[in-house]
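Hi everyone, thanks for coming. I'd like to walk you through one structure today, so let me put it up on the screen.

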Amino acid sequence: MNQQIILESLVRALESWVRNASAAELWRVHREGGLGASIRTEGESVVHVRIALDGPPDALSSIGKTDGRLPMTEAFRGANGEAGWGTPPPQGSAEREQWFLSSDVAQEQARQYLLAEVVARRDALVRRVEAWAAGAG
């Protein structure tokens, strides 16, 4: 099967995972990474890609990992530049996780960041498809 088709299927599966992930799953990916993909084909035209946490480490494992830091972007800012989320608790604290889990704005930012990572880290996606094609999974 054409690797480009598999790559496109992988991108769509990652985008779908990001859109549908729970707040806890988003937090976990930002803290630890750990995304993985299983790829299966049927014949020459059907590709099944499943994204999950805690798969075997592969080229996707570090996508989205920020150790819980979320970069400041316009999505975090409220109207007229004021903070739209309040001051996040200190990095590494249990309160920061609770803040994230209760903040729709932070979760939306996490989704935007992960979607941008899927685009920016295309090389990792290509490596994953190449590993699959070589029989590594």
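**A walk through the chain**

Let's start with a helix and a little check on its length. H4 has 17 residues, which at 1.5 Å a residue should span 24 Å, and its end C-alpha atoms are indeed 24 Å apart, so the two agree. Before I go on, keep in mind that this is a predicted model.

Okay, let's step back for the overview. The chain has five helices and two strands, and if you read along the sequence you get the pattern α-α-β-β-α-α-α. There are 137 residues, and 40% of them count as buried. And if you take the contacts in the chain with a separation of 6 or more, 68% of them come from residues 24 or more positions apart.

Now back to H4, which runs over residues 104-120. Which of its residues are buried? They are Ala106, Gln107, Gln109, Ala110, Arg111, Leu114, Glu117 and Val118. And what covers them? The cover includes H1, H2, H3 and H5.

Let me stay with H5 for a second. H4 and H5 pack at an angle of about 65°, and their axes are 5 Å apart. On the H4 side, the contact is made by Val118, Val119 and Ala120, and on the H5 side by Arg122, Asp123 and Leu125. Sort the residues of that contact by type and you have four nonpolar, two charged and no polar. Val118 turns up twice in this story: it is one of the buried residues of H4, and it is part of the contact with H5.

Next up, H1, at residues 3-20. H1 has 18 residues and reaches 26 Å from its first C-alpha to its last, close to the 26 Å expected at 1.5 Å a residue. The buried residues here are Ile6, Leu7, Ser9, Leu10, Val11, Ala13, Leu14, Trp17 and Val18. Their cover includes H2, H4 and H5, and also both S1 and S2.

That brings us to the strands. S1, residues 35-42, pairs with S2 in the antiparallel sense over eight bridges. Want a couple of landmarks? Ala37 stands opposite Ile51 in S2, and Glu42 stands opposite Val46 in S2. The hairpin has three residues between the strands, and Gly43 there takes a positive phi near 65°.

Past S2, in the loop that leads on to H3, you'll find Pro57. Is Pro57 buried or exposed? Exposed, because its relative accessibility is 76% and the cut-off for that is over 50%. Pro57 and Ala37 are 20 residues apart in sequence, and their C-alpha atoms are 9.7 Å apart in space.

Last topic: salt bridges. How many are there? The count comes to six, and I'll show you a few.

Take Glu32 and Arg28 to begin with. Their side chains meet in a salt bridge, at 3.6 Å from N to O. Both sit in H2, residues 23-32, four residues apart, which is about one turn of the helix. Arg28 counts as partly exposed, because its relative accessible area is 29%, between the cut-offs of 20% and 50%. And there's a third partner, since Arg28, Glu32 and Asp54 are linked in a network of salt bridges.

Then we have Arg40 and Glu42, whose side chains meet in a salt bridge at 3.2 Å, again N to O. Arg40 is partly exposed at 46% relative accessibility, and Glu42 is partly exposed too, at 38%.

The one I'd like to end on is Arg128 with Asp58, a salt bridge at 2.9 Å, N to O. Arg128 lies in H5, residues 122-133, while Asp58 lies in the loop between S2 and H3, so the pair ties together parts that are 70 residues apart in sequence. Why does Arg128 count as buried? Because its relative accessibility is 5%, and buried means under 20%. Asp58, on the other hand, is partly exposed, with a relative accessible area of 23%.

So, to recap: five helices and two strands, an antiparallel pair made by S1 and S2, H4 packed with H5 at about 65°, and six salt bridges in the count. That's it from me, and I'm happy to go back to any part of the picture.

Key:
Residues are numbered from 1 along each chain as its sequence is written. This is a predicted model: local features need pLDDT of at least 70, side-chain atom pairs count only at pLDDT 80 or more; totals for chains, interfaces and linings use all residues. Side-chain values use heavy atoms; hydrogens and water are left out. A salt bridge is a side-chain nitrogen of Lys or Arg within 4 Å of a carboxyl oxygen of Asp or Glu. Buried means under 20% relative accessible area, exposed over 50%, partly exposed in between (1.4 Å probe, protein chains only). Axes are lines fitted to C-alpha atoms, for helices over the stretch in contact, and angles run from 0 to 180 degrees between N-to-C directions. Contact means heavy atoms within 4.5 Å. Ala, Val, Leu, Ile, Met, Phe, Trp, Tyr, Cys and Pro count as nonpolar, Asp, Glu, Lys and Arg as charged, and the others, Gly among them, as polar. The expected span of a helix is 1.5 Å times one less than its number of residues. Two strands pair if DSSP finds at least two bridges between them.
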